Amino acid sequence: MVQTIKIGHSDVTSTKLGLGTNKVGGHNLFPGLNDDDGYALVQEALSDGISLLDTAYVYGLGKSEEIIGDVLQKNDRQKVIIASKAAQDPKDNLKLNNKPAFLKQSVDDALKRLKTDYIDIFYIHFPDVQTDKAEAVAALADEKKAGKIRAVGVSNFSLDQVKEANADGQVDIVEDNYSLLHRGAEKELLPYLKADGISFVPYFPLASGLLTGKYTAADASKFDQFSAEQFDRIIKALDQVRQIADKKQATVAQVMIAWYMADPDVSVVIPGARKAEQVKSNADALSIDISDNEFKTIDQLFAGF
C-alpha cells in the first residue's frame, strides 16, 4: 500500500513521491523543451500513482501551470495535489515581491492558469528583502481561510526567515535545496520543522542528476562544486548503492528516491523529468522497500556532505 503523509497543520494528504515540473513548459529555464512531452509526463505521473505536482509561476512564466491545468481537466481533481509558488513580479522585471497584495493576486492568477478553484499548497517562492515574513505568510493564511489554498508554504527561506514567517504558527510546509550531497538542512532547519510539525520538501534530491548513477569518474569537470577527492568518494559511494539496486532489480535513481521516501524528515520527494518514461521509472520507486540497514548504509556513504 502506497504511504501517504499529511502536510503540516493542513488537511492536505499526499503520496511521498511527487513530480517537479520545472521541465514542463519551463522554456525560460531549459532549452529545447517540447510541450507535448510536458503534457505526456504530467499525465504519466497521475496515471502511475504520483499525486503531487510541484510547479511555479517562474516555470515558463505561467506555462507550466497552464499545461498542468489542461491535464487536470481530464483527471479527478480531488485526487491531485497541486503545489505552486510565486514571488517573481511580472510587472517589475521578475523582481522578488512578497507584499500581501502581490501574493494574493498571484494566487488568483495561478488559479486561472491551473483552471481550478483551489490550490492545495501555495509557497512564497523566494524571500524578498523588504517584506516582513510573518506579514507575507498572513496574506497566504487569509487565502487559506478563503478556501483558495489549502496549505501555506515558504521556499528558499533561511532558518531565521522561516522562524520569522512562522511567528504565528501558520507555515505548513517548507521547500528547500537538500540532498545526500547537500545536507546543511539537517543541522538546524529540519529539527526546527520537526518540532513545529512543519512538513519538508527537498528540491534537487538527485543533485542535478549526479545521484542517478549515470556519471563516472571522468565527469568530474561537470560538477566543479566538489573537489576531486569528494567527487571520487561520491562515485565510489554510488557504486555501492548500485549493488543494493542490483539486488532489487532497480536503478540507482530508484533506490535513491526510495531512500528519501523512507526518511521520516522528508515529507514528499519531487524529482523532475523531461520525458514520460523518466516519470514512469521514478514511479517504480514506490514499490521499492528500503530496509533499516540499507537506509543507514546509504546515509553513512554520503555522511559529511
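# Working through a predicted fold

Strand 5 (residues 81-86) has six of its six residues buried, so the rest of the structure largely encloses it. Keep in mind that this is a predicted model. The exercises below start from that strand and work outwards.

## Exercise 1: Strand 5 and its neighbour

Work out which way the side chains of strand 5 point, and how strand 4 pairs with strand 5.

**Solution.**

Step 1. In a regular strand the side chains alternate between the two faces of the sheet. Here, Ile81, Ala83 and Lys85 point one way, while Ile82, Ser84 and Ala86 point the other way.

Step 2. Now check burial on both sides: all of these residues are buried.

Step 3. Turn to the pairing. Strand 4 (residues 52-54) runs parallel to strand 5, with three bridges between them. To find the register, look at leucine 52, whose bridge partner in strand 5 is isoleucine 81.

## Exercise 2: The whole sheet

Find the strand order of the open sheet of seven strands, then name its edge strands.

**Solution.**

Step 1. Strands of a sheet pair through backbone hydrogen bonds, either parallel or antiparallel. In this sheet the pairing is parallel and the order reads 3-4-5-8-9-10-11.

Step 2. For the edges, look for strands that pair on one side only: these are strand 3 (18-20) and strand 11 (199-203). From one strand to the next, the twist averages 25°.

Step 3. Step into strand 9 (residues 149-155). Six of its seven residues are buried, so strand 9 too is largely enclosed by the rest of the structure. Its parallel partner, strand 8 (residues 119-124), is joined to it by five bridges, and isoleucine 119 has isoleucine 149 as its bridge partner.

Step 4. Finish at the strand 11 edge. Strand 10 (residues 173-177) pairs with strand 11 in the parallel sense, again over five bridges. Aspartate 176 sits opposite proline 202 of strand 11.

## Exercise 3: The two sides of helix 10

Which residues of helix 10 (residues 292-301) are buried, and which exposed residues does the face turned away from them carry?

**Solution.**

Step 1. The buried ones are Glu294, Phe295, Ile298 and Leu301. Looking down the axis of helix 10, you'd see them fall within an arc of 130°, so they line one face of the helix.

Step 2. The spacing makes sense in general terms. An α-helix has 3.6 residues a turn, so residues three or four places apart point the same way.

Step 3. On the face turned away from the buried side you get the exposed residues Asp292, Asn293 and Gln300. Put a number on one of them: glutamine 300 has a relative accessible area of 57%, and exposed means over 50%.

Step 4. Ask what the buried side packs against. The buried residues of helix 10 pack against helix 7 (228-247) and helix 8 (252-262).

## Exercise 4: Helix 8, from contact to core

Describe how helix 8 crosses helix 10, then follow Met256 into the core.

**Solution.**

Step 1. Two packed helices are described by the angle between their axes and the distance between the axes. For helix 8 and helix 10, the axes come within 11 Å and cross at roughly 105°. That makes helix 8 roughly perpendicular to helix 10.

Step 2. List the contact residues: Val255, Met256, Trp259 and Ala262 from helix 8 meet Phe295, Ile298 and Asp299 from helix 10.

Step 3. Pick out Met256. The largest nonpolar core has 85 residues, and Leu211, Met256 and Phe302 touch the most other members. Leaving aside residues up to four places away in sequence, Met256 touches Leu180, Leu206, Leu211, Leu238, Val241, Ile298 and Phe302. There's also a second, separate core of 13 residues, including Ile5, Ile7, Tyr123 and Ala151.

Step 4. Compare a polar residue. Glutamine 254 also lies in helix 8, and glutamine 254 is buried, with a relative accessible area of 9%. Not counting residues up to four places away in sequence, Gln254 touches Ser281, Asp284, Ala285 and Ile288.

## Exercise 5: An oblique pair

Classify the packing of helix 2 (residues 63-72) and helix 3 (residues 100-114).

**Solution.**

Step 1. Their axes are 7 Å apart, at an angle of about 50°. That makes helix 2 oblique to helix 3.

Step 2. Helix 2 supplies Glu65, Glu66, Ile68, Gly69 and Leu72 to the contact, and helix 3 supplies Ala110, Arg113 and Leu114.

Terms used. Residues are numbered from 1 along each chain as its sequence is written. This is a predicted model: local features need pLDDT of at least 70, side-chain atom pairs count only at pLDDT 80 or more; totals for chains, interfaces and linings use all residues. Side-chain values use heavy atoms; hydrogens and water are left out. Buried means under 20% relative accessible area, exposed over 50%, partly exposed in between (1.4 Å probe, protein chains only). Helices (H or I, at least four residues) and strands (E, at least two) are DSSP runs, numbered from the N terminus. The arc is that of the directions from the helix axis to the C-beta atoms. Contact means heavy atoms within 4.5 Å. A nonpolar core is a set of buried Ala, Val, Leu, Ile, Met, Phe, Trp, Tyr and Cys residues joined through side-chain atoms within 4.5 Å. Two strands pair if DSSP finds at least two bridges between them. Axes are lines fitted to C-alpha atoms, for helices over the stretch in contact, and angles run from 0 to 180 degrees between N-to-C directions. Angles under 35 degrees count as roughly parallel, over 145 as roughly antiparallel, 65 to 115 as roughly perpendicular and the rest as oblique.
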